[in-house]
2 protein chains.
Amino acid sequence: MSGRDSGGAATATVFAALGDPTRWEILVRLGRAPASASALAAELPVTRQAVGKHLEVLRAVGLVESSRSGREVLHRPVGSRLDELGRDLQRVAESWDRRLAAVKEIAERGD
Amino acid sequence: MSGRDSGGAATATVFAALGDPTRWEILVRLGRAPASASALAAELPVTRQAVGKHLEVLRAVGLVESSRSGREVLHRPVGSRLDELGRDLQRVAESWDRRLAAVKEIAERGD
DNA sequence: TCGAAGTGCAACCTCAGAGTTGCACTCTGA
DNA sequence: TCAGAGTGCAACTCTGAGGTTGCACTTCGA
């Protein structure tokens, strides 16, 4: 999203990515320090494969970026992406308030 | 959420609510003008019952409020709730950036 | 060079939830 | 008072996401 869109299927996809508790937990831990899938799996109640799938989802929506060093792949969260999403949400909220106020005014004038 | 939390199961629940395309579409339409479940179903490719379930989910996380007038129930989005969520996201993004900068500094100093 | 650590891929299982149909109830207006 | 509009509740189907096990591949270090 980001732009005139402020909605649509793409938005729902990002929210769906953030909507899983395990995924959110992964993001929180990556926020403390970048880590590999194996390291994350060691401190979470799921297998490395499950963590890998979650990381793939998060990477697909741009919330996580990864870089390989040797046999290890380090993952870290992308703050700017989340910041952007937060701003979009506030914009949508603002437009809701504006429109609903207009609807209310029309209704009152109509009486 | 809203507060020192900025994460956790409650957060994931709100995102999960926003993560469904149909639900997002419902929110967008309610943002244009309050409407009943039947009215929404008439312009969406799902039945009234499906719309009703989505509205229940949205109401449960505080994104929609409803008021009955006669035999009709009007639903409208709660802008403040979304605004609050947007602010929380930006706070989390900021803390990520801070922590990752610290990690980077430590790594560079360690060399 | 060989074992261990880390990763990637694929098949499989399970269950929540998105959607449906069906019926009973309430309210409005003619 | 009666038909239609709007809603609520319950049972049911079915797809997809989250999770697992199993195996093959690469990379590092002793």
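This report walks through how two protein chains meet two DNA strands and each other, and then looks at a few salt bridges and one buried serine.

The model is predicted, so local features need pLDDT of at least 70 and side-chain atom pairs count only at pLDDT 80 or more, while totals for chains, interfaces and linings use all residues. Residues are numbered from 1 along each chain as its sequence is written, chains are lettered from A and ligands numbered from 1 in the order in which they are written, and side-chain values use heavy atoms, with hydrogens and water left out.

**The DNA strands**

Start with DNA strand C, which has 21 residues around it. A residue counts as near a strand if one of its heavy atoms lies within 4 Å of it. The nearest ones here are A:Ser38, B:Arg23, B:Thr47, B:Lys53 and B:His54. Of the strand C atoms within 4 Å of the protein, 51% belong to sugar or phosphate, and the rest belong to bases.

DNA strand D has 22 residues around it, and A:Thr47, A:Lys53, A:His54, B:Ser38 and B:Arg71 come nearest. Sugar or phosphate accounts for 51% of the strand D atoms within 4 Å of the protein, with bases making up the rest.

Here are some of the polar contacts to the DNA (a polar contact is a pair of N or O atoms within 3.5 Å; within protein, one must be able to donate a hydrogen and the other to accept it, and residues adjacent in sequence count only if both atoms are side-chain atoms).

| Protein residue | DNA atom | Distance |
|---|---|---|
| A:Ser38, side chain | phosphate oxygen, strand C | 2.5 Å |
| A:Val73, backbone | phosphate oxygen, strand C | 3.0 Å |
| B:Thr47, side chain | phosphate oxygen, strand C | 2.7 Å |
| A:His54, side chain | phosphate oxygen, strand D | 2.3 Å |
| A:Arg71, side chain | base oxygen, strand D | 3.1 Å |
| B:Arg48, side chain | base oxygen, strand D | 2.8 Å |

Which element gives the most to each surface? Near strand C, the largest share is 4 residues from H4(B). Near strand D, H4(A) gives the most, with 4 residues. Helices (H or I, at least four residues) and strands (E, at least two) are DSSP runs, numbered from the N terminus. For strand D, at least two residues each also come from elements including helix H2 (21-32) of chain A and helix H3 (37-42) and strand S2 (72-77) of chain B.

By residue type, the strand C surface divides into 4 nonpolar, 8 polar and 9 charged, and the strand D surface into 5 nonpolar, 8 polar and 9 charged. For this sorting, Ala, Val, Leu, Ile, Met, Phe, Trp, Tyr, Cys and Pro count as nonpolar, Asp, Glu, Lys and Arg as charged, and the others, Gly among them, as polar.

**Chain A against chain B**

Now for the protein pair: 36 residues of chain A are in contact with 36 of chain B, where contact means heavy atoms within 4.5 Å. Together the chains bury about 3000 Å², 75% of it on carbon and sulfur atoms. Buried area is the accessible area (1.4 Å probe) that two parts lose on being put together, summed over both. A:Trp24, A:Gln90 and A:Trp96 supply 24% of what chain A buries against chain B, more than any other three residues.

Between the chains there are 0 salt bridges and 2 residue pairs in polar contact, both at pLDDT 80 or more. On chain A's side, H5(A) brings the largest share, 15 residues. That side divides into 20 nonpolar, 9 polar and 7 charged residues.

**Salt bridges and a serine**

Over all chains, the structure holds 12 salt bridges, each a side-chain nitrogen of Lys or Arg within 4 Å of a carboxyl oxygen of Asp or Glu. B:Glu43 pairs with B:Arg29, with the closest N and O atoms 3.3 Å apart. This pair links distant parts of the chain: B:Glu43 is in the loop between H3 and H4, and B:Arg29 is in helix H2, 14 residues apart.

B:Asp88 and B:Arg91 meet in another salt bridge, at 2.9 Å, N to O. Both lie in helix H5 of chain B, 3 residues apart, about one turn of the helix. Is B:Asp88 buried or exposed? B:Asp88 counts as buried, at 2% relative accessibility, whereas B:Arg91 is partly exposed at 37%. Buried means under 20% relative accessible area, exposed over 50%, and partly exposed in between (1.4 Å probe, protein chains only).

Last comes B:Ser36, in the loop between H2 and H3 of chain B and buried at 10% relative accessibility. Beyond its neighbours within four places in sequence, B:Ser36 is in contact with B:Glu72, B:Val73, B:Leu74 and B:His75. A polar atom of the B:Ser36 side chain lies 3.2 Å from the backbone nitrogen of B:Ala39.
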